[in-house]
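Reader: I am new to this structure and would like a close look at a single part of it, the empty space inside. Please take me through it slowly, and then add whatever else helps me to place it.

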Amino acid sequence: MSIGIIVAMNEELEVILREMQKEKTEVRANMEFHVGDLLGKKIVAVVCGIGKVNSAICTQVLISEYGVSKIVNIGIAGGIGKDIVPGDIVIGDSLVQHDMDATAFGDKVGQIPRLDTFDFKSDKLLVDLAKGVCESITEHKSYIGRIATGDQFVADVEKIKWLSEEFNALACEMEGGSIAHTCYLNNIPFIVIRSISDNANTGAHMDFEKFKYIAVENSSNILKNMISNM
């Protein structure tokens, strides 16, 4: 069984491709799926694109067409927790979609109507594995908690405070919740891990070129160590 790896940036994918023994590249839904071996494990690696629809389609292709047994998603997020600073890592142990609003029907904000769960929980074994790996990255702190996803680039301080109060989220981004949702419906174990680029709550941010280097380094270290221990 293969491991599906969804990354946010081409730079992160390039690191994987340099180290994997690639068998083939196939285009599905206008995305390139790279199939091969990495550290003795079968993997399928892909950049999913931005937003919930892109990431949900990408995840379903990995499951339906490539038969992956688990999915690891590495990417970027904005920090919400007051102690989280650029360069830190958030391991998502649960994911919610903050832009789902069916409150007119009596549901909580974030609750997807007629679904039997409010949030989507990452696989505990993968969370524990990611925690152990992230603890070895001494330059930056790592946190475990909820990640909020929506089709919005959130830069407003009041919105950030609302995400913290409403969902107790540590980070927000635009793909993880729909990856988690798709995995939940297909009963596939998953983990979502985010490198923090900024924190609108505190005004902290990092120059993107500097951050990109840190994110790529962290992502490649996390991925390689997780895969080698799976």
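Author: A cavity, as the word is used here, is a set of grid points where a 1.4 Å probe fits but cannot get out. The model is a predicted one, and in it the largest cavity holds about 40 Å³ of space. By this rule, with a threshold of 30 Å³ or more, the count comes to 1 cavity. The residues that line the largest cavity are V15, I16, E19, L38, S220, L223 and K224, and among the elements that bring at least two residues each to this lining are helix 1 (10-19) and helix 6. Sorted by class, the lining of the largest cavity is made of 4 nonpolar, 1 polar and 2 charged residues.

Helix 6 also leads to the open space, since the largest pocket draws at least two lining residues from each of strand 5 (70-79), strand 9 (169-173), strand 10 (190-199) and helix 6 (208-229). Of these contributions, that of strand 5 is the one that gives the most to the lining, with 6 residues. The largest pocket contains about 500 Å³ of space, and its lining counts 25 residues, of which I76, A77, F153, M174 and E175 lie nearest the centre of the pocket. By class, that lining has 15 nonpolar, 6 polar and 4 charged residues.

Helix 5 comes next, spanning residues 176-186; because 8 of its 11 residues are buried, helix 5 is largely enclosed by the rest of the structure. The buried residues of helix 5 are G176, G177, S178, I179, A180, H181, T182 and C183. Just after helix 5 comes N187, which takes a positive phi of about 60°.

One residue outside these elements may serve as a last stop, namely Q111, found in the loop between strand 6 (89-97) and strand 7 (120-121). Buried means under 20% relative accessible area, and Q111 counts as buried because its relative accessibility is 13%. The side chain of Q111 reaches the backbone oxygen of L115 at 3.2 Å, and the side chain of Q111 also reaches the backbone oxygen of T117, at 3.1 Å. Leaving aside residues up to four places away in sequence, Q111 touches M100, T117 and F118, so that T117 appears both among these contacts and as a backbone partner of the Q111 side chain.

Methods:
Residues are numbered from 1 along each chain as its sequence is written. This is a predicted model: local features need pLDDT of at least 70, side-chain atom pairs count only at pLDDT 80 or more; totals for chains, interfaces and linings use all residues. Side-chain values use heavy atoms; hydrogens and water are left out. Helices (H or I, at least four residues) and strands (E, at least two) are DSSP runs, numbered from the N terminus. Buried means under 20% relative accessible area, exposed over 50%, partly exposed in between (1.4 Å probe, protein chains only). A polar contact is a pair of N or O atoms within 3.5 Å; within protein, one must be able to donate a hydrogen and the other to accept it, and residues adjacent in sequence count only if both atoms are side-chain atoms. Contact means heavy atoms within 4.5 Å. On a 1 Å grid over the protein atoms alone, a cavity is a set of points where a 1.4 Å probe fits but cannot get out, and a pocket is an open set with protein on both sides within 12 Å along at least five of seven lines; lining residues have an atom within 4 Å of a point. Grid points are joined across faces, edges and corners, and a volume is the space filled by probe spheres set on the points. Ala, Val, Leu, Ile, Met, Phe, Trp, Tyr, Cys and Pro count as nonpolar, Asp, Glu, Lys and Arg as charged, and the others, Gly among them, as polar.
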